[in-house]
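Student: Could we go through the backbone of this model together, with the reasons behind each label spelled out?
Tutor: Yes, let us take the labels one at a time.

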Amino acid sequence: MTFYPARIKDPEFFEENRIPPHSDHRFYRSLEEAVAGVSSFIHPLDGLWKFHYAKNIQSAIPGFESTSYDCGPWDDIRVPGHLQTQGYDKPHYANVQYPWDGHEDIAPGEIPSAFNPVGSYALLFTLPERMEHDGSLKISFQGVESSFAVWLNGSYAGYASDSFTPADFDLTPFYLPGKENKLAVQVYKWPGSCWINDQDFFRFSGIFRSVFLYTTPKVHAFDVKITANLDGDYKTGLLEVKMAISNNPKYAALTISRDGNAASRIEDLSCHQLGTDKNGFREYEIIWASIPNVSQWSAESPALYDLLVELRDEDMQVLETITEKVGFRRFELKEGIMQLNGRRIEFHGVNRHEFGPLDGRALSLVDMEKDVAAMKRNNINAVRTSHYPNDSRFYRLCDEYGLYVIDEANLESHGIWDGISRRIQRGLSSMGISDAVPGDKPEWLEAVKARARNMLERDKNHPCILIWSCGNESFGGKNIFEMSQLLRSSDPTRLVHYEGIYSDRRYDRTSDIESQMYTPADDVAKFLENNRTKPMILCEYAHAMGNSCGAINKYSDLWEKEPLFQGGFIWDFIDQTLLMKDHNGKEFFAYGGDFGDRPSDNEFCGNGIMHATRIESPKCQEVKFIYSNIKVSITENEIAVRNRSLFTNSSFFSCVAVLEKEGKKIAESPLETSAAPQETQVFPIPFALPVEPGEYVLTVSIRLRKDEKWALKGHEIAFGQKIFKVAGSKPSVNAPLRVISGMNNLGFKGAGFSAIVSTTMPGLVSYSFAGREMLKKPPTPNFWRAPTDNDRGCRMPARHGQWKIASQYAACVESPSLVDADSCSASVRMIYSLPTTPSSSCQVIWKFNGDGFVEATLSADETCGLPPRPAFGMLFTLPPELVNLEWYGNGPEETYIDRQQGAKLGVYKGLVKDQAASYLRPQETGNKTKVRWAKVTDRHGRGLLFCGEDMEFSALAYSPFELENAMHATDLPESCHTIVRVNWRQMGVGGDNSWGAQTHGEFLLPSTPIEFRFSLRGI
């Protein structure tokens, strides 16, 4: 058989000679191997291969697969890995649009010809002696983008195009026993199948997952299907094991155990052959058994049993040993509600791309485990594998740690149907539903069904998977409906999901679940008022691009009270970005367009609640809080612990009540909680509240009682806070103040300080404390922030841009003048004209007290006819040596008025340079809400103290205008100052989506008159 590259453009040519898909179970020669976890049937091929790069099919070297062709002079390339992360081609990020759009005019059924990279791989191998006598040799490619052909010793072995599921081929006919063999692989970046590979991700190519050879014994379980269900009382486990086996095993021994204790063991079980064949193998039912009082699997308690099957011959000799993890659980639609083990489930989920900043989608097991652990630490209980099946090892981690999974097939054709709708809207084309791909087109049917089958057959034994998904953003039609029917008929123990029916209701039965994207919480509630036939989730919501995730509590509030709304999946988990060096040799995180990739969607790949470094972004603080299953509320007299868990008693956690005064602990008391799932327990406050004047914070913390795989004992999973204030009199100010009225300046001197207000260059030009100048520039009114990704997406700068100009070019229209003075204080008023249309103004009054405190009052009248101000406050430019920040307010992470529920009121400290979050593109960052006081100091503790009532505060190395002008952190100049912003408020960050959704109205600043007061003093 001969392979012809010209065929790869044909949608109906998607695989050839590919071994049918099968389960990812592990098989060994013996029990000893199984215990060690190393199979002598397997020989890994990961490592260095020889490699040749060609920019298109025509440029690839013909005949390289022949044994007579010497690939030795070629380059080396590492497998697994992408071409584009190893110096070939270039990374290319695109969201909706196809990467060739605008370069070549092609349609489905055609592929790019001028530029369509081809990677030719070659490897010489000799099979280990232990495998020489097994009789058959196969190869498994766990993941190759986007399609590839395989040869052994010059003979064509097969072709596959589903990038994200294993492709196995039989090499037996071409293998030379005891000799060196030449393996050749040719990888195509954009075959015809890429019309349905249009995911929102970096476009890579290459062998990016592991490759290994394997042999099989004479009697071999090709496929294992394990059904581990629960009966109607959810207490008895129902275990069914079926296998597709080559040749005829006589007997099997089966053990199912947990923590080394056998729950069931059956010896000398006769294998019962069923009446059907599966892919040429005989299908056997090995066992059907019930296990009383079984431990249920759930994300809260991921109980796994160890299944061991030994296939034996008539002499009872072990022919093959198979191991698998088994989780007993029952997932079902019951009375229109999704239920797990008899309880209504909520998905506190995220979408996750496989990605790392060095190797892209060639992700290590270590990084996979970091992801899973981070999800658990942040109370995330579910993940959608957007938008393709993940590495098989990831599902094993989800089984083990406890995460619910929507397993998604490798299907997306967003660029087709989005392009159709845009062209129709513009009157440019008569294209319509019939042009959608895969749509109703018969030439795509078998390819998409194969992708569903490949996913299901590999992943079917993982208890973590509750829902199969037919793919993403591919419109609708008959073909996707047929995918759903295949999944449904093959596996009745799970549900089927597809969001695209929202846009195309012709095949509404494609999805068992009503699934939508980025629907505001209020609109979800309205939809469910009249649509109550299916449970609903948001498979994507709370677009976490840059500084985002505002008002996400509105969603959690809704799914707590609306039974049909059963959660959602934040877009998304981790930033897709690659580490690069700029022209100065500085490393930075690059996004779309930085590689010369055009067309590109730029920083739209930076949507993670985790930074690319796998460090939690400030958004995690809010996600963790709203996703927690334990809710704590505190009144004047009592503490209520509401346990929203499905299966876990609150006694699983420790509970501690702590009373503090401005960050100093006064009292602490443990609380022994024992709230049953879905129940609330109430306690009296365990200590008397103080009577001395001051502000006190009572925090009730819910923590891990013991170490878990994902966090240590003491890790906090939930909290509640209550503020108690005891009134007292303020100390009087009686330190004398000296006022100096110069020709051009007003001077003020008191206890250890002096200040100057210039009347010619109007402003507070000096504040000196203990002989040290604290100001680099006069403080100015500020109404602007560096636009966030969401701000840019909804065109906030265009609508609100007048306030940027007003902040930069406010003009003092009157000479500053004394408006009040006595022996201990004096006030100066400054009136600013603001260049807005219609015109506006503001007023600043500086009140200087003899004790060194300067009180500032910023006021403005109603702003009729103007957009809301993004911020309202003062901007201070301070010396760069003020490098430390300490504050009493919300923390520890940055907070905003629509993203502060997950914060605690307390005293926090850190370096000024660390207050800026590592968003891919510099933007607004570092804000603190509900601040009572903040200190900005040098290494000796000298600097400025700012005080206020419930103010907002930030201290950064850069001004909003510097941040706004930078595309990357490395574009920012070396810092020569510390910028402090003291705000009454700034607008919320929003985040329903990042392409038009505006900040919710209640989190905008009002147009009514505003007066803001705060004070500062040297320390």
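Student: Where is Pro438 placed?
Tutor: In this predicted model, Pro438 sits in the loop between helix H4 (414–425) and helix H5 (445–459). The peptide bond that leads into Pro438 from Val437 is cis, with omega near 0 degrees.

Student: What is the omega of the peptide bond from Val79 to Pro80?
Tutor: That omega is near 5 degrees, and the bond from Val79 to Pro80 is cis. Pro80 belongs to the loop between strand S5 (75–79) and strand S6 (93–94). As background to such cases, most peptide bonds are trans.

Student: Why is Tyr234 called buried?
Tutor: Buried means a relative accessible area under 20%, and Tyr234 has a value of 14%, so Tyr234 is buried. Tyr234 lies in the loop between strand S17 (220–230) and strand S18 (237–246), and its phi is near 60 degrees, a positive value in a residue other than glycine.

Student: What makes a positive phi worth noting in a residue other than glycine?
Tutor: Most residues other than glycine have a negative phi. Cys549 also has a positive phi, near 65 degrees, and is a residue other than glycine.

Student: How do you know whether Cys549 is buried or exposed?
Tutor: Set the value against the cut-offs, which are under 20% for buried and over 50% for exposed: Cys549 has a relative accessible area of 0%, and therefore Cys549 is buried. The place of this residue, Cys549, is the loop between strand S34 (536–541) and helix H8 (553–561).

Notes:
Residues are numbered from 1 along each chain as its sequence is written. This is a predicted model: local features need pLDDT of at least 70, side-chain atom pairs count only at pLDDT 80 or more; totals for chains, interfaces and linings use all residues. Side-chain values use heavy atoms; hydrogens and water are left out. Helices (H or I, at least four residues) and strands (E, at least two) are DSSP runs, numbered from the N terminus. Buried means under 20% relative accessible area, exposed over 50%, partly exposed in between (1.4 Å probe, protein chains only).
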